[in-house]
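Biologist: Could you take me closely through one part of this protein, namely how its helices pack against one another, and set that part in the context of the whole chain?

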Amino acid sequence: MAAGRDLFSEHHPEGVTVDEVVRAAGISKQTFYNHFVDKDALAADILREARLRLDGLVAHAYVDEPDPARRIATALCIYAAQALSDRQLGQIITRLSLDDVSPSSPNNAPVLADVRAGLESGRLAVLSIETGVAFVIGSCRSLVSRALLNAHPALAAATAQQFIILVLRAFAIPPIEAEIIATDVVARHLPTAIADQA
(Lines give C-alpha, C1' and ligand atoms only; values in the text may rest on other atoms or scores of the structure.)
Protein backbone atom coordinates (compact mmCIF):
# COMPACT_ATOMS: atom_id res chain seq x y z
CA MET A 1 0.00 0.00 0.00
CA ALA A 2 2.79 2.45 0.88
CA ALA A 3 4.61 1.77 -2.39
CA GLY A 4 1.34 2.19 -4.29
CA ARG A 5 0.63 5.49 -2.52
CA ASP A 6 4.07 6.76 -3.49
CA LEU A 7 3.74 5.70 -7.12
CA PHE A 8 0.13 6.78 -7.64
CA SER A 9 0.78 10.15 -6.04
CA GLU A 10 3.55 10.82 -8.55
CA HIS A 11 2.18 9.18 -11.71
CA HIS A 12 -1.14 8.68 -13.45
CA PRO A 13 -2.44 5.14 -12.74
CA GLU A 14 -2.05 4.16 -16.39
CA GLY A 15 1.65 4.94 -16.12
CA VAL A 16 2.23 2.61 -13.14
CA THR A 17 2.84 -1.12 -13.62
CA VAL A 18 2.60 -4.01 -11.18
CA ASP A 19 6.32 -4.58 -11.76
CA GLU A 20 7.03 -1.03 -10.53
CA VAL A 21 4.83 -1.54 -7.47
CA VAL A 22 6.49 -4.82 -6.44
CA ARG A 23 9.98 -3.39 -7.08
CA ALA A 24 9.18 -0.31 -4.93
CA ALA A 25 7.62 -2.48 -2.20
CA GLY A 26 10.45 -5.01 -2.25
CA ILE A 27 8.05 -7.94 -2.64
CA SER A 28 7.44 -10.64 -5.22
CA LYS A 29 4.68 -10.52 -7.80
CA GLN A 30 3.13 -13.55 -6.13
CA THR A 31 2.92 -11.64 -2.83
CA PHE A 32 1.26 -8.75 -4.64
CA TYR A 33 -1.30 -11.08 -6.26
CA ASN A 34 -1.99 -12.73 -2.91
CA HIS A 35 -3.46 -9.38 -1.81
CA PHE A 36 -4.71 -7.70 -5.00
CA VAL A 37 -6.32 -8.97 -8.18
CA ASP A 38 -4.54 -6.30 -10.21
CA LYS A 39 -3.15 -2.78 -10.13
CA ASP A 40 -6.66 -1.30 -10.31
CA ALA A 41 -7.64 -3.14 -7.11
CA LEU A 42 -4.61 -1.65 -5.36
CA ALA A 43 -5.53 1.82 -6.63
CA ALA A 44 -9.13 1.35 -5.46
CA ASP A 45 -7.97 0.37 -1.96
CA ILE A 46 -5.62 3.35 -1.78
CA LEU A 47 -8.40 5.72 -2.86
CA ARG A 48 -10.85 4.15 -0.38
CA GLU A 49 -8.33 4.55 2.44
CA ALA A 50 -7.68 8.21 1.49
CA ARG A 51 -11.38 9.02 1.22
CA LEU A 52 -12.16 7.35 4.56
CA ARG A 53 -9.48 9.43 6.24
CA LEU A 54 -10.70 12.67 4.67
CA ASP A 55 -14.38 11.93 5.20
CA GLY A 56 -13.67 11.18 8.86
CA LEU A 57 -12.17 14.66 9.23
CA VAL A 58 -15.15 16.17 7.40
CA ALA A 59 -17.69 14.33 9.54
CA HIS A 60 -15.94 15.49 12.70
CA ALA A 61 -15.89 19.10 11.45
CA TYR A 62 -19.61 19.27 10.74
CA VAL A 63 -21.04 16.86 13.27
CA ASP A 64 -23.62 19.40 14.47
CA GLU A 65 -24.23 21.09 11.10
CA PRO A 66 -27.73 20.35 9.69
CA ASP A 67 -27.45 22.54 6.55
CA PRO A 68 -26.48 20.46 3.48
CA ALA A 69 -25.05 23.54 1.75
CA ARG A 70 -22.68 24.22 4.64
CA ARG A 71 -21.83 20.52 4.89
CA ILE A 72 -20.79 20.41 1.23
CA ALA A 73 -18.83 23.65 1.60
CA THR A 74 -17.06 22.26 4.67
CA ALA A 75 -16.14 19.05 2.85
CA LEU A 76 -14.67 20.97 -0.08
CA CYS A 77 -12.65 23.16 2.26
CA ILE A 78 -11.29 20.28 4.33
CA TYR A 79 -10.26 18.31 1.25
CA ALA A 80 -8.33 21.38 0.02
CA ALA A 81 -6.82 22.00 3.46
CA GLN A 82 -5.65 18.41 3.76
CA ALA A 83 -4.07 18.57 0.29
CA LEU A 84 -1.99 21.47 1.58
CA SER A 85 -0.90 19.66 4.71
CA ASP A 86 -0.38 16.26 3.01
CA ARG A 87 0.63 16.73 -0.61
CA GLN A 88 0.70 12.98 -1.29
CA LEU A 89 -2.89 12.64 -0.11
CA GLY A 90 -3.95 15.49 -2.39
CA GLN A 91 -2.18 13.97 -5.36
CA ILE A 92 -3.87 10.62 -4.72
CA ILE A 93 -7.27 12.33 -4.70
CA THR A 94 -6.58 14.13 -7.97
CA ARG A 95 -5.16 11.08 -9.75
CA LEU A 96 -7.35 8.24 -8.50
CA SER A 97 -10.82 9.76 -8.18
CA LEU A 98 -11.52 10.21 -11.92
CA ASP A 99 -13.76 7.18 -12.31
CA ASP A 100 -15.30 7.18 -8.84
CA VAL A 101 -18.22 9.61 -9.28
CA SER A 102 -21.14 7.19 -9.04
CA PRO A 103 -23.66 7.72 -6.25
CA SER A 104 -23.59 3.96 -5.68
CA SER A 105 -19.87 3.97 -4.84
CA PRO A 106 -19.35 3.45 -1.10
CA ASN A 107 -16.70 6.19 -1.25
CA ASN A 108 -19.42 8.68 -2.16
CA ALA A 109 -21.93 7.91 0.59
CA PRO A 110 -21.29 11.16 2.51
CA VAL A 111 -21.74 13.45 -0.50
CA LEU A 112 -24.75 11.40 -1.64
CA ALA A 113 -26.38 11.90 1.77
CA ASP A 114 -25.77 15.66 1.67
CA VAL A 115 -27.02 16.10 -1.90
CA ARG A 116 -30.08 13.95 -1.19
CA ALA A 117 -30.88 15.85 2.02
CA GLY A 118 -30.46 19.16 0.20
CA LEU A 119 -32.78 18.13 -2.61
CA GLU A 120 -35.42 16.63 -0.32
CA SER A 121 -35.48 19.71 1.90
CA GLY A 122 -35.50 22.11 -1.06
CA ARG A 123 -32.25 23.69 0.15
CA LEU A 124 -30.37 22.60 -3.00
CA ALA A 125 -31.60 22.56 -6.58
CA VAL A 126 -30.10 20.17 -9.13
CA LEU A 127 -31.48 18.08 -11.97
CA SER A 128 -30.71 14.74 -10.34
CA ILE A 129 -28.89 13.24 -7.40
CA GLU A 130 -26.44 11.58 -9.81
CA THR A 131 -25.60 14.93 -11.37
CA GLY A 132 -25.22 16.60 -7.99
CA VAL A 133 -22.90 13.90 -6.64
CA ALA A 134 -20.75 13.90 -9.79
CA PHE A 135 -20.60 17.70 -9.74
CA VAL A 136 -19.46 17.90 -6.11
CA ILE A 137 -16.84 15.17 -6.57
CA GLY A 138 -15.54 16.71 -9.80
CA SER A 139 -15.42 20.15 -8.20
CA CYS A 140 -13.63 18.75 -5.16
CA ARG A 141 -11.04 17.03 -7.34
CA SER A 142 -10.48 20.26 -9.27
CA LEU A 143 -10.21 22.28 -6.07
CA VAL A 144 -7.65 19.88 -4.61
CA SER A 145 -5.66 20.08 -7.85
CA ARG A 146 -5.72 23.89 -7.76
CA ALA A 147 -4.78 23.93 -4.06
CA LEU A 148 -1.73 21.81 -4.89
CA LEU A 149 -0.76 24.25 -7.64
CA ASN A 150 -1.48 27.33 -5.50
CA ALA A 151 0.24 25.99 -2.40
CA HIS A 152 0.75 29.45 -0.92
CA PRO A 153 -1.78 29.63 1.93
CA ALA A 154 -3.41 32.89 0.82
CA LEU A 155 -3.80 31.71 -2.78
CA ALA A 156 -5.15 28.33 -1.66
CA ALA A 157 -7.67 30.01 0.65
CA ALA A 158 -8.85 32.36 -2.11
CA THR A 159 -9.13 29.45 -4.54
CA ALA A 160 -11.13 27.38 -2.04
CA GLN A 161 -13.46 30.29 -1.38
CA GLN A 162 -14.10 30.79 -5.10
CA PHE A 163 -14.74 27.08 -5.73
CA ILE A 164 -17.15 26.88 -2.80
CA ILE A 165 -19.07 29.92 -4.03
CA LEU A 166 -19.34 28.42 -7.52
CA VAL A 167 -20.52 25.05 -6.22
CA LEU A 168 -23.13 26.60 -3.93
CA ARG A 169 -24.38 28.91 -6.66
CA ALA A 170 -24.69 25.93 -9.00
CA PHE A 171 -27.01 24.41 -6.39
CA ALA A 172 -29.09 27.63 -6.51
CA ILE A 173 -27.84 29.12 -3.25
CA PRO A 174 -28.21 32.93 -3.60
CA PRO A 175 -24.90 34.67 -4.42
CA ILE A 176 -24.58 36.68 -1.20
CA GLU A 177 -25.38 33.66 0.97
CA ALA A 178 -22.92 31.51 -1.02
CA GLU A 179 -20.20 34.10 -0.39
CA ILE A 180 -21.01 34.29 3.34
CA ILE A 181 -20.91 30.49 3.70
CA ALA A 182 -17.66 30.20 1.73
CA THR A 183 -15.96 32.96 3.72
CA ASP A 184 -17.02 31.41 7.04
CA VAL A 185 -16.03 27.86 6.11
CA VAL A 186 -12.61 28.88 4.77
CA ALA A 187 -11.93 30.99 7.86
CA ARG A 188 -12.86 28.07 10.12
CA HIS A 189 -11.18 25.17 8.37
CA LEU A 190 -8.40 26.19 6.04
CA PRO A 191 -6.15 28.12 8.47
CA THR A 192 -5.97 25.10 10.81
CA ALA A 193 -4.39 22.87 8.19
CA ILE A 194 -2.10 25.68 7.06
CA ALA A 195 -0.91 26.23 10.63
CA ASP A 196 -0.33 22.47 11.01
CA GLN A 197 1.73 22.51 7.84
CA ALA A 198 4.13 25.17 9.13
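Modeller: What follows looks at the helix contacts, beginning with the overall fold and then turning to two helix pairs and one further helix. The model is a predicted one, and the protein in it has 10 helices and 0 strands, so that the order along the sequence reads α-α-α-α-α-α-α-α-α-α. The C-alpha trace spans about 55 × 40 × 25 Å along its principal axes, and the radius of gyration is 17 Å, which agrees with the value near 16 Å that a compact globule of 198 residues would have. Of these 198 residues, 44% count as buried, and among the contacts with a separation of 6 or more, 68% join residues that lie 24 or more positions apart.

The pair to look at most closely is helix α5 (residues 68-85) with helix α9 (residues 153-170), whose axes are 10 Å apart and pack at an angle of about 150°. Because angles over 145 degrees count as roughly antiparallel, α5 and α9 are described as roughly antiparallel to each other, and their crossing is right-handed. On the α5 side the contact is made by Ala69, Ile72, Ala73, Leu76, Cys77 and Leu84, and on the α9 side by Ala156, Ile164, Val167 and Leu168. By class, the residues of this contact are 10 nonpolar, with no polar and no charged residues.

A second pair is formed by helix α7 (residues 109-121) and helix α8 (residues 129-149), whose axes come within 9 Å and cross at roughly 130°. With that angle, α7 and α8 are oblique to each other, and α7 passes α8 in a right-handed crossing. Here Val111, Leu112, Val115, Arg116 and Leu119 of α7 meet Ile129, Gly132, Val133, Val136 and Ile137 of α8. The contact of α7 with α8 has 8 nonpolar residues together with 1 polar and 1 charged residue; the charged one is Arg116 and the polar one is Gly132, since Arg is classed as charged and Gly as polar.

The N-terminal part of the chain can be read through its buried residues. In helix α1 (residues 2-10), the buried residues are Ala3, Gly4, Leu7, Phe8 and Ser9, and these buried residues pack against α2 (18-25), α4 (39-61) and α6 (87-96).

Terms used:
Residues numbered from 1 in each chain as written. Predicted model: local features only at pLDDT ≥ 70, side-chain atom pairs only at ≥ 80, totals over all residues. Heavy atoms only, no water. Axes fitted to C-alpha atoms, helices over the stretch in contact; angles between N-to-C directions. Helix = DSSP H or I, 4+ residues; strand = E, 2+ residues; numbered from the N terminus. Parallel < 35°, antiparallel > 145°, perpendicular 65-115°, else oblique. Left-handed = near helix turned anticlockwise from the far one by under 90°. Contact = heavy atoms within 4.5 Å. Rg over C-alpha atoms; globule rule 2.2 N^0.38 Å. Buried < 20%, exposed > 50% of the residue type's maximum accessible area, 1.4 Å probe, protein only.
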